[in-house]
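Work through the exercises below with the sequence and the model open side by side. Try each task before you read its solution.

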Amino acid sequence: MLRILRQALGTGIVTEDGPAGGEAELERLGIRLRRHIGERFGRSLAIRQVDAGSCNACELEIHALNNPYYDVERFGVHFVASPRHADALLVTGPVSRHMETALRRTWLATPAPKLVIAAGSCACTGGEFGISYASCGGVENVVPVDVKIPGCPPTPLALLQGLLAAMQPAEVHADAAGPSASPAGATDGGR
Amino acid sequence: MRRALMCERERIANHLGDIGAICNDVAFTFAHVQCARLRESWQRRSGTLFGHRVMMDAIIPGGVGRDLRPEAAAMLRQDHAALRRAMEPLFDVIEDHPSLDDRLLGTGRLDATDAVALGCTGYVAKASGQGYDVRRDNPYPPYDVLSVEGAVETGGDVAARVGVRIAEMRGSLALLDQLLDALPDGAIHTPLPAPAPHAMGLGLVEGWRGEVLSFVRFAADGRIARFFPRDPSWFTGPAMERLILGNIVPDFPGCNKSVNGSYSGQDR
């Protein structure tokens, strides 16, 4: 116990400040937002990560978000073990044909309103794998995508930036977000 | 030499992540957070000096993607010393902690005959008494001129697979310093000759999970006709089915993480 305390106290706090926000920074990282429905989630986002056929490099960097340098939970982002507990799906990889049905069913199992975030170049566009006998290409070929975070793999900082952007309340995009968000909202409101 | 430098860095990064994650799976989050911290600073250095945090496009056919800056060797040497200092007190705790012993010792046992019969390599085989290591037993440059200390344990359980990783991290750190001492100057890349029609090639290396095999066959026009990479997970996947038998469900995550098979390698 003393060894653990000594190590923990000796290490101190290594957590760094969050990334700077703003449209320019998003543009620099190539992050594309289709809609802002952040206020629906009350500044907290429960994410189910779906590996739809990635090489796992994206997973390594997504894992890094939980390390003490980035500590993503302080921003209200946490990872959950089932799509039924999730506000958002964070999907990586070109969607392999083997994972196509699984991804569609995961999307159906996620309660509305929901976000789909494509993480990594493969998820955004199909990447170097494209469409083939084994691959459906990008995630949007299978389920609708709201946020795209490119990179091979995206750095933890780019991922953090994209997630925080997805959680921003609707501002200039409020009008655009209305129609696309309303069917989901209607389902939710009917409960 | 530069390729080996990257491969040993990768081995250390992934073993660090795994050791922490196995501890996390039995609710010992202290080790997980500490290992994740060390891994992150290690990966940041890889990003700065080798151009990519997970070394993508750093090793290319014919050589390496880019050379190290002149001051890199000194920075890396400092890193190695710093990691050695930081990891040993952690390993002291991990190797001697009652709640970890309770969950890891005797859990997920793979006996030596199964490890051999299934063709396992890497830390899974090494933890079950099979010390085969491509770097030492079928050496390729630069390991043919280095002394690779193999890691081997006989417990065959999750604790043994943690022990092998710890030993391999110590071994890789020693290799990294040897590699820096012997780092040659000169070209970092040789242009590849055009392949003969229907030429075939086979490569075998000791990746961080174990023996990685790559096969390539060219078509008549010099284009690649077939490429097949074989990850050690092809063999440790079936071993996973064997080693979880008789274990309680809450021990599954630790068993799984101690094997850490690649899903992208063969599962989808």
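**Exercise 1. Locate A:Pro113 and A:Pro153, and describe the peptide bonds that lead into them.**

Step 1. A:Pro113 sits in the loop between H4 and strand E5 (115–119) of chain A. Helices (H or I, at least four residues) and strands (E, at least two) are DSSP runs, numbered from the N terminus.

Step 2. Its bond to A:Ala112 is a cis peptide, with omega about -5°.

Step 3. A:Pro153 is in the loop between strand E6 (147–149) and H6 of chain A. The bond from A:Cys152 to A:Pro153 is also cis, with omega near -15°.

A note on the model and its numbering. This is a predicted model: local features need pLDDT of at least 70 and side-chain atom pairs count only at pLDDT 80 or more, while totals for chains, interfaces and linings use all residues. Residues are numbered from 1 along each chain as its sequence is written, and chains are lettered from A and ligands numbered from 1 in the order in which they are written.

**Exercise 2. Outline the build of chain A.**

Step 1. Count the elements: chain A has seven helices and six strands.

Step 2. Read them from the N terminus: α-α-β-β-α-β-β-α-β-α-β-α-α.

Step 3. Check burial. Of the 191 residues in chain A, 42% are buried. A residue is buried if 20 or more other C-beta atoms lie within 10 Å of its own, exposed if 12 or fewer, and partly exposed in between; C-beta atoms are placed from the backbone.

Step 4. Check contact range. Take the contacts in chain A between residues at least 6 apart in sequence: 84% of them join residues at least 24 apart. Contact here requires C-beta atoms, placed from the backbone, within 7 Å.

**Exercise 3. Find the largest nonpolar core and the residues with the most contacts inside it.**

Step 1. Apply the definition: a nonpolar core is a set of buried Ala, Val, Leu, Ile, Met, Phe, Trp, Tyr and Cys residues joined through C-beta atoms within 7 Å.

Step 2. The largest core has 50 residues. Those with the most contacts inside it are A:Ala88, A:Val91, A:Val116, A:Ile117, A:Ala118, A:Ala119 and A:Val139.

Step 3. Helix H6 (residues 156–167) of chain A gives the largest share, eight residues.

Step 4. Look around A:Ala88. Leaving out residues up to four places away in sequence, A:Ala88 touches A:Leu45, A:Ile47, A:Lys114, A:Leu115, A:Ile117 and A:Ala166.

Step 5. Another core, of 37 residues, lies apart from this one; B:Ala151, B:Val158, B:Val164 and B:Met240 are among its members.

**Exercise 4. Which elements of chain A touch chain B, and what classes of residue do they bring?**

Step 1. The contact involves 23 residues of chain A and 17 of chain B.

Step 2. Helix H1 (2–11), helix H3 (57–64) and helix H4 (97–109) of chain A each give two or more residues to this side. H1(A) has the largest share, five residues.

Step 3. The chain A side has 12 nonpolar, nine polar and two charged residues. Ala, Val, Leu, Ile, Met, Phe, Trp, Tyr, Cys and Pro count as nonpolar, Asp, Glu, Lys and Arg as charged, and the others, Gly among them, as polar.

**Exercise 5. How do H1(B) and H8(B) pack?**

Step 1. The axes of helix H1 (residues 2–25) and helix H8 (residues 158–181) of chain B come within 9 Å and cross at roughly 150°. Axes are lines fitted to C-alpha atoms, for helices over the stretch in contact, and angles run from 0 to 180 degrees between N-to-C directions.

Step 2. H1(B) and H8(B) are therefore roughly antiparallel (an angle over 145 degrees).

Step 3. By class, their contact has 13 nonpolar, two polar and five charged residues.

**Exercise 6. Repeat the analysis for H3(B) and H8(B).**

Step 1. The axes of helix H3 (residues 72–95) of chain B and H8(B) come within 10 Å and cross at roughly 160°. H3(B) is therefore roughly antiparallel to H8(B).

Step 2. H3(B) contributes residues including B:Leu76, B:Leu83 and B:Phe91, and H8(B) residues including B:Ile166, B:Met169 and B:Leu173.

Step 3. This contact has 12 nonpolar, one polar and three charged residues.

Methods. Angles under 35 degrees count as roughly parallel, over 145 as roughly antiparallel, 65 to 115 as roughly perpendicular and the rest as oblique. Two residues are in contact if their C-beta atoms, placed from the backbone, lie within 7 Å.
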